[in-house]
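This note sets out some points to keep in mind while studying the structure shown below. It is best read with the model open alongside.

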Amino acid sequence: METGELSTSPLVIAIDGPSGSGKSSVSKAVARSLGLSYLDTGAMYRAATWWCLHSGIELTDATAVADAVRAMPLVMGVDPAAPTVTVGGTDIGEAIRETSISASVSAVATNLDVRAELGRLQRAAIEEAGHADSFSQGRGIVAEGRDITTVVAPDADVRVLLTASEEARLARRSLEVHGDADAASVEATRDQVLRRDADDSTVVQFHVAADGVVTVDSSDLDFDQTVQAVLDVVAAR
Ligand SMILES: Nc1ncnc2c1ncn2[C@@H]1O[C@H](COP(=O)(O)OP(=O)(O)O)[C@@H](O)[C@H]1O
Ligand SMILES: Nc1ccn([C@H]2C[C@H](O)[C@@H](COP(=O)(O)OP(=O)(O)O)O2)c(=O)n1
């Protein structure tokens, strides 16, 4: 597409990667820059976890968890300047970031019936963002998670695997959660990042780029450089 030319068909950008690689922050910035909607699919797994815990469901009861998720009144706000997560009218945007949710979300994300249901909702949201009357000025969406490039939107116009070294990811998450990246803070972050990635990767592969997926390694890039690297992939499509 030439610079300045108006796109007529919706643009779908899929971004996957491990915890702390920068998916959420970079995807939001890319969406804002291009005037697209933004879908945080990890937030949907977190919302499902919150909903089950809130409903008193044992996360080890796979059938009860799947039934509860199918009944969950979830609404995802896709404005990248102010993304929201509400369940039955309750804003749970902050609650889903608590450590208790981070610690237990993999139990829900590894439930295959839950993945089928949330995948269905994610495809619907991506489809919806392509309609002219959706929120955004442009038509289209940046959707990020673990299986967007491979399972949810394998036909996306742009598919990126955003990676970073374990060291960089732990330091970033530690800085974010503890305000510090000293040895003790990094150690306290290890479960949230590495154990969770190990559990999650039993059901979905997000460490190696699938065919046609472009890898952006942000280990040695700062935030702005990483956003630019993804925008360069979009421009080169
Ligand atoms: N390239 C980068 N360099 C330094 N910090 C970054 C970079 N990308 C993201 N961050 C920061 O790292 C933290 C984790 O990023 P986040 O977007 O939440 O990752 P993910 O969604 O992949 O878990 C955030 O505080 C974010 O601002
Ligand atoms: N498409 C997706 C998105 C997230 N997940 C899982 C993996 C994670 O443990 C949880 C939460 O995802 P989230 O992106 O918020 O995780 P981070 O906080 O970035 O590490 O959901 C998934 O299985 N598939």
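The points below take up confidence, the two sheets, the helices that pack on them, and the two ligands.

1. Confidence in the model. The structure is a predicted model, and its quality should be considered before its details. The pLDDT of the protein averages 93, and 94% of the residues reach a score of at least 70. The scores for the model are 0.97 for ipTM and 0.94 for pTM. Residues 1–5 need caution, since pLDDT stays under 50 there. For this stretch the model has 1 contact beyond four places in sequence.

2. The parallel sheet. In what order do the 5 strands of the open parallel sheet stand? The order is 2-6-1-7-8. It is helpful to recall that strands of a sheet pair through backbone hydrogen bonds, in either a parallel or an antiparallel manner. Strand 2 (37–40) and strand 8 (214–217) are the edges of this sheet, and each has a single partner strand, so one side of each is left without a neighbour in the sheet. On average, and with direction ignored, neighbouring strands of this sheet are turned by 20 degrees against each other.

3. A pairing inside the parallel sheet. Strand 1 (residues 11–16) and strand 6 (residues 140–145) run parallel and are joined by 6 bridges. To find this pairing in the model, one may begin at L11, whose bridge partner in strand 6 is G140.

4. Helices across the parallel sheet. Helix 5 (residues 112–129) lies across strand 1, strand 2 and strand 6. The angle of helix 5 to strand 6 is about 155 degrees. Helix 9 lies across strand 1, strand 7 (158–163) and strand 8, and runs at about 165 degrees to strand 8.

5. The antiparallel sheet. A further open sheet has 3 strands in the order 3-4-5, with antiparallel pairing. Its edge strands are strand 3 and strand 5, each of which pairs on one side only. Helix 2 packs on this sheet and touches strand 3 and strand 4. The direction of helix 2 makes about 30 degrees with that of strand 4.

6. The hairpin of strand 3 and strand 4. Strand 3 (residues 74–77) and strand 4 (residues 84–87) are antiparallel and pair over 4 bridges. The hairpin between strand 3 and strand 4 passes through 6 residues. Two of the pairs may be located by residue: G77 has T84 as its bridge partner, and M76 has V85.

7. The hairpin of strand 4 and strand 5. Strand 4 is also joined to strand 5 (residues 90–91), by 2 bridges in the antiparallel sense. Here V87 has T90 as its bridge partner. How many residues lie between the strands in this hairpin? There are 2 residues between strand 4 and strand 5, and G88 takes a positive phi near 55 degrees in the hairpin.

8. Packing of helix 7 on helix 8. Two packed helices are described by the angle between their axes and by the distance between those axes. For helix 7 and helix 8 the angle is about 110 degrees, and the axes are 8 Å apart. Angles of 65 to 115 degrees count as roughly perpendicular, and helix 7 and helix 8 are therefore roughly perpendicular to each other. Among the residues that make the contact are E166, R169 and L170 of helix 7 and S185, V186 and A188 of helix 8. By class, the residues of this contact are 7 nonpolar, 5 polar and 4 charged.

9. The surroundings of ligand 1. Ligand 1 is surrounded by 17 residues, of which G22, K23, S24, S25 and R172 are the closest. Helix 1 (23–34), helix 7 (166–178) and helix 9 (223–235) each contribute at least two residues to this shell. The largest share, 4 residues, is that of helix 1. The shell of ligand 1 has 3 nonpolar, 9 polar and 5 charged residues.

10. The surroundings of ligand 2. Which of the 17 residues around ligand 2 come nearest? They are S19, G42, Y45, A109 and G145. Two or more residues of this shell come from each of helix 2 (41–54), helix 4 (99–109) and helix 8 (183–200). Helix 2 gives the most, with 5 residues. The shell of ligand 2 divides into 6 nonpolar, 6 polar and 5 charged residues.

Methods: Residues numbered from 1 in each chain as written. Chains lettered and ligands numbered in written order. Predicted model: local features only at pLDDT ≥ 70, side-chain atom pairs only at ≥ 80, totals over all residues. Pairing = 2+ DSSP bridges. Near = placed C-beta within 6 Å. Nonpolar A, V, L, I, M, F, W, Y, C, P; charged D, E, K, R; others polar. Axes fitted to C-alpha atoms, helices over the stretch in contact; angles between N-to-C directions. Contact = placed C-beta atoms within 7 Å. pLDDT = per-residue confidence, 0-100. Parallel < 35°, antiparallel > 145°, perpendicular 65-115°, else oblique.
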